[in-house]
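Student: I should like to learn how to read packing, aromatic pairs and charged contacts from a set of coordinates. Could we work through an example together?
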Amino acid sequence: IVVTLLKDGQTIVNRQNTAAPGAPEIVTAPSGATEGLYEVRVAVQNGGATDYAILLNTDLDIPYSVSGILAPNLPHSGVQLPRDVTQFWFFHAEEGDQITIVVDPSGGDPYIDLYEPTGLNVENIDDGFTGETETLEFTATITGLHAVGVGEWEGALISYDLTMTVQ
């Protein structure tokens with residue numbers, strides 16, 4: 001995707017396209033960023049339609065990272081979760097899809113948060129203890145791009161394997 005950021009009608013990030021196809025395009029705060037009205041324009045290189053999400057962090061004391069896209073039965077292995085960070089992953093779901101997300105840690109106590117395309121946090125799970133796998137099962141109630149947040153209960157550095165299945 002190609003991102004342009006404007007503040008009060010003035011371009012401050014012009015058509016940024018630095019990420020590989022399918023990877024998150026991350027725009028960091030421009031120098032001198034202040035309160036005001038910002039506009040984000042999103043386009044795609046070939047002009048086709050695509051799903052996208054915007055995460056805005058206005059509190060740098062609550063760090064997060066955008067890790068990528070989840071696809072059914074394509075696991076992400078050995079994912080490194082930095083200390084005190086929540087990682088966000090995105091996936092497309094159709095209303096009625098039965099989805100299972102599994103986080104299998106090498107240690108630590110992970111949790112999973114699920115967000116609908118509206119941004120509403122609709123599910124979360126932290127049933128396990130240190131080193132135990134977390135499994136979130138749900139039925140999508142809305143079609144669109146969903147987000148999964150993965151973090152560690154005490155903010156510890158861990159690694160984990162992440163899988164998603166859809167039925």
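Tutor: Let us begin with the surroundings of a single residue. In this predicted model, I158 touches V79, Q80, L81, P105, G107, G108, P110 and E152, once residues within four places in sequence are set aside.

Student: Where does I158 lie, and is I158 buried or exposed?

Tutor: I158 belongs to strand β12. Its relative accessible area is 5%, so I158 is classed as buried, the limit being under 20%. As for separation within the chain, I158 and V44 stand 114 residues apart in sequence, with 34 Å between their C-alpha atoms.

Student: How should I read a nonpolar core, and which residues have the most contacts inside the largest one?

Tutor: The general idea is a set of buried nonpolar residues joined through side-chain atoms. Here the largest such core has 21 residues, and those with the most contacts inside it are F91, I99, I101, V148 and Y160. At least two residues of this core come from each of β5 (76–81), β6, β7, β8, β10, β11 (144–152) and β12 (158–166). β12 supplies the largest share, 4 residues.

Student: What does Y160 touch?

Tutor: Leaving out residues up to four places away in sequence, the contacts of Y160 include H76, S77, G78, V79 and L81, as well as Q87, W89, V103 and V150. A second core, separate from the largest, has 5 residues, among them F90, Y115, L145 and A147.

Student: How many aromatic pairs are there, and how is their geometry read?

Tutor: The count comes to 3 aromatic pairs. In one of them, the ring centres of Y64 and F88 are 5.7 Å apart and the planes stand at 90°; an angle over 60 degrees counts as edge-to-face, so this pair is given that label. Y64 is in strand β4 (residues 64–69) and F88 in strand β6 (residues 86–93), so the pair ties together parts 24 residues apart in sequence. Y64 is partly exposed at 27% relative accessibility, whereas F88 is buried at 12%.

Student: What is the geometry of the pair formed by F91 and F138?

Tutor: That pair is tilted, with 6.4 Å from centre to centre and 55° between the planes. It links distant parts of the chain, for F91 lies in strand β6 and F138 in strand β10 (residues 134–139), 47 residues apart. Both F91 and F138 are buried. In addition, Y64, F88 and Y115 form one aromatic cluster.

Student: How many salt bridges are there, and which residues form them?

Tutor: One looks for oppositely charged side chains whose nitrogen and carboxyl oxygen lie within 4 Å. There are 2 salt bridges in the model. One joins K7 and D8, at 3.1 Å from N to O, and K7 is buried with a relative accessible area of 17%. The other joins R41 and E39, whose closest N and O atoms are 2.9 Å apart. R41 is partly exposed at 44% relative accessibility, and E39 is partly exposed at 37%.

Student: Which side chain of opposite charge is nearest to D109, and how far away is it?

Tutor: The nearest is R83, at 14 Å; D109 is buried yet has no salt bridge. D109 sits in the loop between β7 (98–105) and β8 (110–115). Beyond neighbours within four places in sequence, D109 is in contact with D126, G128, F129, T130, E134, G151, E152 and W153.

Terms used
Residues are numbered from 1 along each chain as its sequence is written. This is a predicted model: local features need pLDDT of at least 70, side-chain atom pairs count only at pLDDT 80 or more; totals for chains, interfaces and linings use all residues. Side-chain values use heavy atoms; hydrogens and water are left out. Buried means under 20% relative accessible area, exposed over 50%, partly exposed in between (1.4 Å probe, protein chains only). Lys and Arg count as positive and Asp and Glu as negative; His and the chain ends are not counted. Contact means heavy atoms within 4.5 Å. Rings of Phe, Tyr and Trp (its six-membered ring) pair if their centres lie within 6.5 Å; planes under 30 degrees apart count as stacked, over 60 as edge-to-face and the rest as tilted. A nonpolar core is a set of buried Ala, Val, Leu, Ile, Met, Phe, Trp, Tyr and Cys residues joined through side-chain atoms within 4.5 Å.
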